[in-house]
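Trainee: I am new to this structure and would like a close look at a single part of it. Could you pick one helix, show me what surrounds it, and then lead me outward from there?

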Amino acid sequence: MVQRLAAAALLAATTILSATVAHAQRPSPPPGPLTDGFLCCNMRTYGDSISDINYDEQGTRIVAVGTPARITAYDFRFFNVDLAGKPQRIKNDYSRNITLIDFAKRYVVTEDPKRKIASFPPAVGAAIVAGKVMPGMTREQVLMAIGYPVAGENPSLDAPVWRYWRDSWSEFQVSFDEKGLVKNVVGDAVALSRVLATAP
């Protein structure tokens, strides 16, 4: 009986020690600037979290480009942000080849995108607000409309083609010409119906 109690006590102490060591080895979240600004682009939330993949899935809703934003904390693969008074986490699911601080700088910008949108041609501004892309848009305008293509598959924003995913099974690609303007958007019919603006 004494031996069983001793073995149980040893097992409990080992478990606690292992958990303590594992917890102690977890690095602290990286510090970063608690920036006040605006959401860079139209992003879809699942309620309290947003992924960089920005799937257009059932059950998500759009948080509009230009929404007032304030970064409140950083964690290992996401940062916490207040979006017009509502807390959200923006998760770095597929862009881990860039630092979390650089990732956060993509999504919370200091200049209000809505001011820029007001200076664009009306058809372009309307497409951005609707979360759609149209031929002739600049890279910046595409970003405002549908967000960043994930860095894991698009390491350079200067590339002539950006690859996006509408959901886990459906992708589409935005191609740019030599002037950096949208040449075409290629994808399946459902993806195109959701992302491609109709001609004015």
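Mentor: Let us take helix α5, whose buried residues are covered by elements that include α3 (113-119), α4 (122-129), β9 (161-165), β10, β11 (182-187) and α6 (189-195). Please keep in mind as we go that this is a predicted model. The helix runs over residues 139-146, and seven of its eight residues are buried, so α5 is largely enclosed by the rest of the structure. The buried ones are R139, Q141, V142, L143, M144, A145 and I146. Just after the helix comes G147, which has a positive phi, near 85 degrees.

Now look at how α5 takes part in the interior. The largest nonpolar core holds 43 residues, and those with the most contacts inside it are F79, Y107, I128, M137, V142 and I146. Helix α5 supplies the largest share of this core, five residues. You will recognise V142 and I146 from the list of buried residues in the helix.

I128 is a good place to see such contacts one by one. Leaving aside residues up to four places away in sequence, I128 touches N42, V65, I117, F120, M137, Q141, M144 and A145. Of these partners, Q141, M144 and A145 are buried residues of α5.

Next, follow the chain beyond α5 into the loop between α5 and β9, where you find Y148. With a relative accessible area of 15%, Y148 is buried. The ring of Y148 forms an aromatic pair with Y107, edge-to-face, at 5.7 Å centre to centre and with 70 degrees between the planes. Y107 belongs to helix α2, and the two tyrosines are 41 residues apart, so to speak a link between distant parts of the chain. Y107 is buried too, with a relative accessible area of 1%. A search of the whole structure finds six aromatic pairs, and ring pairs join Y74, F79, F103, Y107 and Y148 into a cluster. Two members of that cluster, F79 and Y107, are also among the residues with the most contacts inside the largest nonpolar core.

Y107 brings us to helix α2, which covers residues 100-107 and has L100, F103, A104, R106 and Y107 buried. Seen down the axis of α2, these buried residues fall within an arc of 150 degrees, so they line one face of the helix. They pack against β1 (36-39), β2 (43-45), β5 (68-74), β6, β7 and β8 (108-109).

Back on the side of α5, two of the covering strands are β9 and β10. The rings of W162 and F176 have their centres 4.8 Å apart and their planes at 65 degrees, so this pair is edge-to-face. W162 lies in strand β9 and F176 in strand β10, so the pair ties together parts that are 14 residues apart in sequence. Both W162 and F176 are buried. Strand β10 spans residues 171-176 and also contains S175. At 12% relative accessibility, S175 counts as buried, because the cut-off for that word is under 20%. Apart from residues up to four places away in sequence, S175 touches P160, V161, L181, V182, K183 and N184.

Two loop residues are worth a visit as well. N54 sits in the loop between β3 (49-51) and β4 (61-63), and A84 in the loop between β6 (78-83) and β7 (86-91). N54 has a positive phi of about 55 degrees although it is not a glycine, and A84 has a positive phi of about 50 degrees, again without being a glycine. Their surroundings contrast: N54 is buried at 7% relative accessibility, whereas A84 is exposed at 51%.

The structure has one disulfide, which joins C40 to C41 with an S to S distance of 2.1 Å. Both of these cysteines are buried.

Finally, a word on confidence. The protein chain averages a pLDDT of 88, and 84% of the residues score at least 70. Over residues 12-22, however, pLDDT stays under 50, and the model has zero contacts there beyond four places in sequence. Where pLDDT is low, the predicted coordinates should not be read in detail.

Key. Residues numbered from 1 in each chain as written. Predicted model: local features only at pLDDT ≥ 70, side-chain atom pairs only at ≥ 80, totals over all residues. Heavy atoms only, no water. Helix = DSSP H or I, 4+ residues; strand = E, 2+ residues; numbered from the N terminus. Buried < 20%, exposed > 50% of the residue type's maximum accessible area, 1.4 Å probe, protein only. Contact = heavy atoms within 4.5 Å. Arc of directions from axis to C-beta. Core = buried A, V, L, I, M, F, W, Y, C linked by side-chain atoms within 4.5 Å. Disulfide = S-S within 2.5 Å. pLDDT = per-residue confidence, 0-100. Phe/Tyr/Trp six-rings, centres within 6.5 Å; stacked < 30°, edge-to-face > 60°.
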